Amino acid sequence: MDDGNHTLVTELLILGFPDITGFKAIAFFIILLISYILTLMINSLVMVLVSIKPQLHSPMYFFLQQLSLVESMFLTLIVPNMLRVVWLEGATISVIGCITQTYLYCAIGCTECHLLTVMAYDRYLAICNPLRYNSIMNTRLQHRLVIYCWVAGFLLTQVTLNFLCQVEFCGPHVINHFFCDLVPFVEVTCFKFALQLEIMILSIPIIAIPFILVIISYICVFITIFSISSSKGRKKAFSTCSSHLSVVTMYYGTLITIYMVPADGYTLIINKLISFLYIVVTPLFNPIIYCLRNQEMRAVLRNYLSKK
């Protein structure tokens, strides 16, 4: 291969949304900024309520608090620079900055995958083994599970970081996305096949295995729920896991579409739209889903807001 294709690259251009320009770009910037601030406020409110309200001091709400923290970090990693890209209608980013963003994005995303799996395990214990739930899911185990999620997230994606630090760039140094996502980043490297293979392999412990564990947990949960004789009991049991099930469906649906389905050409444009829903919309709706579908959370929120 010609050495000219391996010239030292220090910056990459992030296209953002080329079709959104002028007044549309300004309107989109304002909507995105409002969504970002609103999402941070809602997630912060959830974290504060779980911390200060004794009736929310249970494993389910502790894990919900951790989910709000992860999604706030996830959002803050992407959206501020995304706002800059939208405002400038495309912006450059240093290669080091791009690699850092890609790694942290993958690590926090992996942490969230494992956290959702832990939350599914928590619901499994609560419904399938209620008599021993409090003794098994004690404070010590809760903290260990959360630490495991963070450690697994950053260790599993360390392989990705090692790959990215050794890449060379070929062709246009342009990322057709609104941030340094792994899939479009691969498109500008000279090791496209190797990185695509690495993404597929790492998707197994990061996405596939946690997703399978979630499915197994909910199969056991549904078997237990359907064995309950009274309809009132079935409804009450299902209500304790319906919010988490909704979040898992949205989260893993987008992840599998983006990272476990081969992307090329037009598919990359679809992935950009799905990524927008996954990064901007989902963190906004997740705490809303939990608050609206959970009577205890609604009651605490109503009392808290009435005192303001």
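Q: What is the volume of the second largest pocket?
A: In this predicted model, the second largest pocket holds about 210 Å³.

Q: What makes a residue such as Phe276 part of the lining of the second largest pocket?
A: The test is an atom within 4 Å of a point of the pocket. Phe276 is on the resulting list, together with Phe17, Pro18, Asp19, Ile20, Phe28, Asn176, Ile269, Lys272 and Leu273. Helix α10 (residues 266-293) gives the largest share of this lining, four residues.

Q: How do you know which classes the residues lining the second largest pocket fall into?
A: Each name is set against the class lists: Pro and Phe, for example, count as nonpolar, whereas Asp and Lys count as charged. The tally for this pocket is seven nonpolar, one polar and two charged residues.

Q: Why is the second largest cavity called a cavity and not a pocket?
A: The name depends on the way out: in a cavity a 1.4 Å probe fits but cannot get out, whereas a pocket is open. The structure holds four cavities of 30 Å³ or more, and the second largest has about 60 Å³ of space. Met60, Phe63, Met119, Asp122, Arg123, Thr240, His244 and Tyr290 line this cavity. The elements giving two or more residues to its lining are α2 (59-88), α3 (95-128) and α9 (231-259), and the largest share, three residues, comes from α3.

Q: Why is glutamate 89 called partly exposed?
A: Its relative accessible area is 44%. Buried would need under 20% and exposed over 50%, so a value in between is called partly exposed. Glutamate 89 lies in the loop between α2 and β2 (91-94), and has a positive phi of about 55° although it is not a glycine.

Q: Why are β2 and β3 (174-175) said to stand at the edges?
A: The open sheet has three strands in the order β2-β1-β3, with mixed pairing. Because β2 and β3 each have a single partner strand, one side of each is left without a neighbour in the sheet.

Q: How do you know that strand β1 (residues 11-14) pairs with β2?
A: Pairing needs at least two bridges. Four bridges join β1 to β2, and the two run antiparallel, so they count as a pair. Isoleucine 14, for instance, has alanine 91 in β2 as its bridge partner.

Q: What makes Leu12 stand out in the largest nonpolar core?
A: That core has 88 residues, and Leu12 is among those with the most contacts inside it, along with Phe63, Tyr105, Phe185 and Ile279. Leaving aside neighbours within four places in sequence, leucine 12 is in contact with residues including Ile93, Val95, Phe169 and Phe185.

Note on methods
Residues are numbered from 1 along each chain as its sequence is written. This is a predicted model: local features need pLDDT of at least 70, side-chain atom pairs count only at pLDDT 80 or more; totals for chains, interfaces and linings use all residues. Side-chain values use heavy atoms; hydrogens and water are left out. A nonpolar core is a set of buried Ala, Val, Leu, Ile, Met, Phe, Trp, Tyr and Cys residues joined through side-chain atoms within 4.5 Å. Buried means under 20% relative accessible area, exposed over 50%, partly exposed in between (1.4 Å probe, protein chains only). Contact means heavy atoms within 4.5 Å. On a 1 Å grid over the protein atoms alone, a cavity is a set of points where a 1.4 Å probe fits but cannot get out, and a pocket is an open set with protein on both sides within 12 Å along at least five of seven lines; lining residues have an atom within 4 Å of a point. Grid points are joined across faces, edges and corners, and a volume is the space filled by probe spheres set on the points.
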